[in-house]
Structures are given as C-alpha cells and as structure tokens.
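Student: Could you take me through a close look at one part of this model, the place where the two chains meet? I would also like to know how that part connects to what lies on either side of it.

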There are 2 protein chains.
Amino acid sequence: MIQRLCVIGVGLIGGSLARALRDAGAVDHIVGCGRSAPNLVRAVELGVIDEYIVDPAEAVRGADMVVVATALSATPIIFEKIATAINATTVVTDVGSAKARVVEAARRSFGDDFHQFVPGHPIAGTEKSGVEASFAELFQEHRVILTPLAETNPEALNRVAAMWRLAGANVTEMDVEQHDKVLAATSHLPHMLAYALVDCLAKMDQSEDVFRYAAGGFRDFTRIASSSPEMWCDISLDNREAILTVLDSFSATYERLRHALENDNRDLLLEIFSGAKAARERAALPRSKS
Amino acid sequence: MIQRLCVIGVGLIGGSLARALRDAGAVDHIVGCGRSAPNLVRAVELGVIDEYIVDPAEAVRGADMVVVATALSATPIIFEKIATAINATTVVTDVGSAKARVVEAARRSFGDDFHQFVPGHPIAGTEKSGVEASFAELFQEHRVILTPLAETNPEALNRVAAMWRLAGANVTEMDVEQHDKVLAATSHLPHMLAYALVDCLAKMDQSEDVFRYAAGGFRDFTRIASSSPEMWCDISLDNREAILTVLDSFSATYERLRHALENDNRDLLLEIFSGAKAARERAALPRSKS
C-alpha cells in the first residue's frame, strides 16, 4: 500500500499508472508534478491525481513512492532537483526505455541515497501521449523490466515490483546492459527502420500513390513511425551505443539479402526468408496487438 | 455474370475469389485446377469449386473467365499450357504481385490472343495459405489494381473489373511500370526489411531474450515476416529491378539516420523522425488491420 505517491510527468505512462493504482485501491493520495500546469489541472479534473505541485522538490516531500515518468532527457534534471528532498523511506523509480544513462544520472544525483532508486521500464505504450490518453488497463499483461544494481535496497525493489503487479503488469528483472541490448534489438532498431522507411517513401517521386496504395502490412509495419519524434530522439541518443551495435548486425543481414537479390540467388533468398519465418514462429509471438 | 469460371490455383486468393463470386450469385459453374489433387478435393468438399480438372488446358476449355492464381513462378508455365485451349470469348486474368514479367510471359504465350489478357493484382492476403484459409470477405474494401496494356480489349478489362467489384473490391487502374514501382515501395521493401530484421535478431547472442521481450510494435512490424518464403522469393525475383531501386533509396535514408546517431546529431534525428511522422499522418493511413 502506497500512502503518498508522487508522479512526476503525468502523461500516458504516469497517468495510466496513477489510474491503475487508484483502481486497485493501492494508493491513498496522489500528487502530480510536471512542467505543464494545464495538463496537471486536467489530470486533477479527470481524477487521475488528487493535487498537483509544480516544483519537483516540493512535490516529492513526504512521498513514500516517487515515479519519474518524464521524458528521458528531463529525467537527470528531475533527479537533481529532488535529490535533497527525498528522505530515508522514499523509494524512487523511473520508466525510461534505456537504462544505462538514467542509472548514471541517479548515481550522480542521489549519492548515498542511490540504493533507494529502482530503475524500471514498463514495456507498454501507444502512439498517443498526454494524460488524456492515459487509461488504467495500459499495463495489464504487459511486462515491466526492473534493472536493479548491486547497491539497490531489496526492500525498495520489492516495493516497486509490488506496485507494478498491482497495476496489472508482469514484472521481471534484468541487468542494465542486457536490458539496453535487448531493447535496442526489439524496439529501438524497429523504430529506426520504420522511420527510415517512411522517410524514404515520402521522398519518392510518386509518394502520393505510394501512400495511397499502401496495404495492411505496410500500415502495421510503419505504425510505430507515428510515435513521438522527441521521445524517440531521447531514446535513441540515450541508448546510442547499443543501437549502433544492432544497426551493424542489421546492415550485415540487409546487405546479404540485397546481394542475393542482385545476383538472382533464389537459394540464398529462400534461406533468409525461411530462417526468419521459422525464428518468428519458434518464438511463438502472439498475433494480437500490444 | 460469369457462366463458367476457371480458377487455376485454388489457394487463399483463388479460393476466396470463388467463394465471393458464388456468394454474390455472380457465377454459374466453377472449375478448379491445380497441382495438388488433395487440395482440389478439399475445395470441392468445402463448396468452393463445383468440380476440378487437373490438366490446365482441359480445365479452361469452355470457360468465359480464367483466373490464374498460382504462384508467380508457375504463372508463365500455366500461360504456356492454356494458350491453345482458350477461345475468342475467354478472358484471362492473373493475381500476381509484380506485373512486368507476367505481362511479358502472357505476350509470349498468347500471341494474337494477348488482348484477351487483363493483368491484375488484388492487394489482399493474410499470412495463411491454401483453400482452407480462403474466405469470401477477403477482398471487401481492398484494392485490386488492373494494369491493362495498349492492346488490352476494353470489353475484357470491363469484365475483369466487374468481377472484382462483385467480389467486394475497389478496382483501380495503373500502368505496369508504375504498379511495380509503387508495390516495390509499399509492400516488397517492407517485407525485405521485416525478413532482414527477424533474421538479424535470430542470430544475436541473446536471441531468446530478444524474442521473449519483443513488444507489440515489434510483433506488428515483423508480422509480414511470417508470409510464405517461397511466394516472397517469387515476388522479389520477379520485381527485382524495382526493388533494387527502392533499396537504394532506403539505404540512403538509413545511412543518414545512422550517421545522425553516430554523431549525436539530435537536430537531424528529429528532422527525420518528425518528417516521417508527418508524412504518415498526411497520408492519413487508417489504423485498422488489413
């Protein structure tokens, strides 16, 4: 049970978590914090938060749980602002899609209180953003990856894990480096490809026809290119090294496929296509939408 | 109204067209033809076709409409086999995803009867194949592109267009070269990328984790990599030149994005991401599945 929850960044993720915990009867009082006062006013109107405080240091005072759900690029600034305001019983967690730099920033800001910080990443979202888009069921049956460090207080880790379970999520743990590699491959690389594909098609001579005749597969394939460009700048720069590594692997496969096509090499094409189909089916990825 | 419809290749596309025309009361008698007798027997059992004839030349005899819905690589062989069996009132059409080589093959095989051939491409499908997967609604609200030539008999063109409209499709016309370019961009290139992505991830060290943590965006993005490898070999080799041209454009955008990331160039990343999001939204692509 959380007595006083402080959500910094009451958008899709922060707002949905607040709603889910309220619905679960898992929280007494919710304080919202953020840069946009109109958004916070709306969040109070919608019943997502009980009150809002614009100053982060003020907002976290007395909170037993602080969730930093701002843009990734704002997270280090928030850590810096709240570092002196948290006390020995405050647990701090975040929701960033890349973990190494967030952890560095937390270590730097929190110093001796770093053990109270639990890095987290809910793998959930839509292309929409803002508190208006938030809903209590967003995390149902979705994974939340926590990436505790050697110093992380096990009690703090348990409290964050319990919070996400109450919000309906499946909680797993992973180390920071592993998380950033796996996410680079499964999420960040596909986003780079989808953005590059749409950008490339938009520049073609017949781009109007191109988009007009785009079929279902194309729509699904490029849906993620409708995500927030600012958010994806943050994520891709935060996880730069891991993404560049997977881009190297991708380039190698891509060149192999291109080479097969250039040389009319049906056997090699069939090998690549069949291997991919088999791998996808072995992984038994469900067909349903996220 | 079609008196005698001959469907060569009673799979997902051919079977669904037969079902749709039957449901619309648009056909008297349906003859199925194909290499697999068990599949044809099943098609009769399911009521998709009225009878089957294994020999293509026999099967088309007396038909007023012949739909060649075999694999793209088998299409020229079928044309060769039926060329002497069609008469002056028979209209022949196909469903291939790339048109230039099909048209070449038709011109070669049909000679003086080439004007009776109407090249067609229904932009519809699922990852499944075979008559068992066929259903009458497959073409509802989907586009069918016809790519008539200068020689094409306008009456034949009208009959094929009317047939697809009765099956629920929206029929449009395009020239062969334009079709192959647009499809290379919107369908063939995304398939190449999805196959390359899944192949690349399957080869990573942590490929198990990679697939386990794959979120919804990834599933949608790679859904098309579950399509038939053989069919995609056919399509990619048939439309090789147009695909290689779009691969060149894609490589240029991809390298630009990679360069932006390597150089921590937030402005350029934001420009690419924002441009792609805007282009996708300008095109107002519906969110629904195909």
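Tutor: Happy to; I will start at the meeting of the chains and then work outwards.

A word on conventions: residues count from 1 along each chain as its sequence is written, while chains are lettered from A and ligands numbered from 1 in the order in which they are written. The model is predicted, with local features needing pLDDT of at least 70 and side-chain atom pairs counting only at pLDDT 80 or more, whereas totals for chains, interfaces and linings use all residues.

Let us begin with the contact itself. Chain A and chain B each give 75 residues to it, where two residues are in contact if their C-beta atoms, placed from the backbone, lie within 7 Å. On the chain A side, at least two residues come from each of α7 (176-202), α8 (207-212), α9 (216-222), α10 (229-238), α11 (240-262) and α12 (266-282). Here helices are DSSP runs of H or I with at least four residues, strands are runs of E with at least two, and both are numbered from the N terminus. The largest share of this side, 19 residues, belongs to α7(A). By class, the side of chain A that touches chain B holds 45 nonpolar, 14 polar and 16 charged residues. In that count Ala, Val, Leu, Ile, Met, Phe, Trp, Tyr, Cys and Pro are nonpolar, Asp, Glu, Lys and Arg are charged, and the others, Gly among them, are polar.

How are the two copies placed? Chain A superposes on chain B by a rotation of 180° with 0.0 Å of shift along its axis, at an RMSD of 0.0 Å. The relation is therefore as by a two-fold rotation axis. The fit is by least squares on the C-alpha atoms of residues with pLDDT of at least 70 in both copies. In chain A, the residue that comes closest to the rotation axis is A:Phe221, with its C-alpha at 2.1 Å. Both copies use the same surface, as 100% of the contact residues of chain A recur in chain B.

Now zoom in on α10(A). This helix is largely enclosed by the rest of the structure, because 7 of its 10 residues are buried. A residue is buried if 20 or more other C-beta atoms lie within 10 Å of its own, exposed if 12 or fewer, and partly exposed in between, with C-beta atoms placed from the backbone. Among the buried residues of α10(A) are A:Trp232, A:Cys233 and A:Ile235, along with A:Asp234 and A:Asp238. The buried residues of this helix pack against α5 (100-110), α7 and α11 of chain A and also against α11 (240-262) and α12 (266-282) of chain B.

From the other chain, B:Val182 gives a good single-residue view. B:Val182 sits in helix α7 (residues 176-202) of chain B, and it is buried, with 25 other C-beta atoms within 10 Å. Setting aside neighbours within four places in sequence, B:Val182 is in contact with A:Gln206, A:Asp209, A:Val210 and A:Tyr213.

Stepping back, chain A is assigned domain 1 (2-174) and domain 2 (178-282), with bounds that come from an automatic or database domain assignment. The centres of domain 1 and domain 2 of chain A, taken over C-alpha atoms, are 31 Å apart. Each of these domains of chain A gives 14 residues to the contact with the other. The domain 1 side of that contact in chain A has 6 nonpolar, 5 polar and 3 charged residues.

To finish, look at the strands of chain A. Strand β1 (residues 2-8) of chain A is mostly covered, with 5 of its 7 residues buried. β1(A) pairs in the parallel sense with strand β2 (residues 27-33) of chain A over 6 bridges, and A:Cys6 has A:Val31 as its bridge partner in β2(A). Pairing here asks for at least two DSSP bridges between two strands. The path from β1(A) to β2(A) goes through helix α1 (residues 12-23) of chain A in a right-handed β-α-β crossover. Right-handed means that, with the strands pointing away from the viewer, the path from the first strand over the helix to the second runs clockwise. β1(A) also pairs in the parallel sense with strand β4 (residues 65-68) of chain A, over 4 bridges, and there A:Val7 stands opposite A:Val67.
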